[in-house]
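Student: I'm new to this structure and would love a close look at a single part. Please start with the charged side chains that pair up, and then show me what lies around them.

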Amino acid sequence: MPNHTLPARSAEHAAALRALAAADAPLLLPNAWDAGSAAVIASAGASAIATTSGGVSWSAGRGDGQGLDRAAMAEMVRRIAAAVDVPVTADVEGGYGPAPEDVAETVRAVVAAGAVGVNLEDSTAPGGPLFTVDEQSARLRAARTAATEAGLPGLLVNARTDVHLFGIGAERDRPAEVLRRAGAYAAAGADSLFVPGLLDLAALKELTAASPLPVNAMAVPGGPTVAELAAAGVRRISLGTALAQAAYTAAHRAAAELLGPGTYGTLDGALDYGTLNGLFAGR
């Protein structure tokens, strides 16, 4: 049987994450994909860190969309949580199985790994379709119950709905569908609502005014700024795979420069060896 012992810092970190989520300023969550990226993000001043399923999967040589199994994902979360002294919330994708018990087992695994929050999506597969409202509500209740039984009732459950991300249903019907799901997810024990794919500020303002849950948006390059999203009522802002994409792009460009013209200009301005190595001193 897996070891699901609650880490010593979890209750403290769960309370800290909840305090950040309730603060006046939006909770900003840069997304890490391994222990090294988590340490770098924390050194930049992050008060909390989210994982990205895509980045975590890529770092293990797998594709996103539950390309890793539950145990492998939880091990990556454990390494990330051990590398930093700030709260970590884990992207658990669709819960690594459709049934409420699958979600419960996933929550137990990441809580044991040191996560104090989870992001659980309502897609049955990348691109959809979505679980019904009743099905996803049962899965969210299972997540909440599992966290409580694991000794972490303060686990912050971020319910992701992919209505906008995957263009589910007629466009005119999507706002109402998101609100219908928000109400059900709140009743099932979710703490916040993640709506990736929605960055229209007017639509976000309408959603945040009507939603029973605080709204999380996924920022993208060229999209609304933190200040603009905050003015629209967004309470939590994350980056998804964007940081991992930027890091892998930097590696690709530097390698191409070495292999092509044989120069190294792409490496200018990189964090020095001592700075990076120092992030792990004593760990």
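Tutor: Let's begin with a term: a salt bridge is a side-chain nitrogen of Lys or Arg within 4 Å of a carboxyl oxygen of Asp or Glu. Side chains of opposite charge can pair when their charged atoms come close. What you see is a predicted model, in which local features need pLDDT of at least 70, side-chain atom pairs count only at pLDDT 80 or more, and totals for chains, interfaces and linings use all residues. Residues are numbered from 1 along each chain as its sequence is written, and side-chain values use heavy atoms, leaving out hydrogens and water.

Now to your charged part. D122, E177, R180 and R181 are linked in a network of salt bridges. Within this network, R181 pairs with D122, and their closest N and O atoms are 3.4 Å apart. R181 lies in helix α7 (residues 174–187), while D122 is in the loop between β5 and α6 (133–149), so the pair ties together parts that are 59 residues apart in sequence. The helices (H or I, at least four residues) and strands (E, at least two) are DSSP runs, numbered from the N terminus. Are these two partners buried or exposed? Buried means under 20% relative accessible area, exposed over 50%, and partly exposed in between, with a 1.4 Å probe and protein chains only. R181 is buried because its relative accessible area is 5%, and D122 is buried too, at 0%.

Next door in sequence to D122 is another pairing to follow. E121 and R160 meet in a salt bridge of 3.3 Å, N to O. This pair links distant parts of the chain, with E121 in strand β5 (residues 117–121) and R160 in strand β6 (residues 156–160), 39 residues apart. Both E121 and R160 are buried.

E121 leads us to D91, which sits in strand β4 (residues 88–91). Leaving out residues up to four places away in sequence, D91 touches T51, T52, S53, M73, Y96, N119 and E121, where contact means heavy atoms within 4.5 Å. D91 counts as buried because its relative accessibility is 11%. Its side chain also reaches the backbone nitrogen of S53 at 3.1 Å. That is a polar contact: a pair of N or O atoms within 3.5 Å where, within protein, one must be able to donate a hydrogen and the other to accept it, and residues adjacent in sequence count only if both atoms are side-chain atoms.

Strand β6, the home of R160, has a link of another kind. N158 and S192 are joined through their side chains by a polar contact of 2.6 Å. S192 belongs to strand β7 (residues 192–194) and counts as buried because its relative accessibility is 6%. Apart from its neighbours within four places in sequence, S192 has contacts that include L156, V157, N158 and A159, along with L213, P214 and R236.

For contrast, look at a salt bridge inside one helix. R78 and E75 pair up with their closest N and O atoms 2.6 Å apart. Both lie in helix α4, three residues apart, about one turn of the helix. R78 is partly exposed, at 38% relative accessibility, and E75 is partly exposed as well, at 28%. In the whole structure, a search finds 13 salt bridges.

Finally, here is the nonpolar side of the picture. A nonpolar core is a set of buried Ala, Val, Leu, Ile, Met, Phe, Trp, Tyr and Cys residues joined through side-chain atoms within 4.5 Å. The largest has 54 residues, and V92, V107, L155 and Y185 have the most contacts inside it. Another core, of 14 residues, lies apart from it and includes I49, V56, A81 and A83. V56 takes us back to D91: the two are 35 residues apart in sequence and 9.4 Å apart in space, C-alpha to C-alpha.
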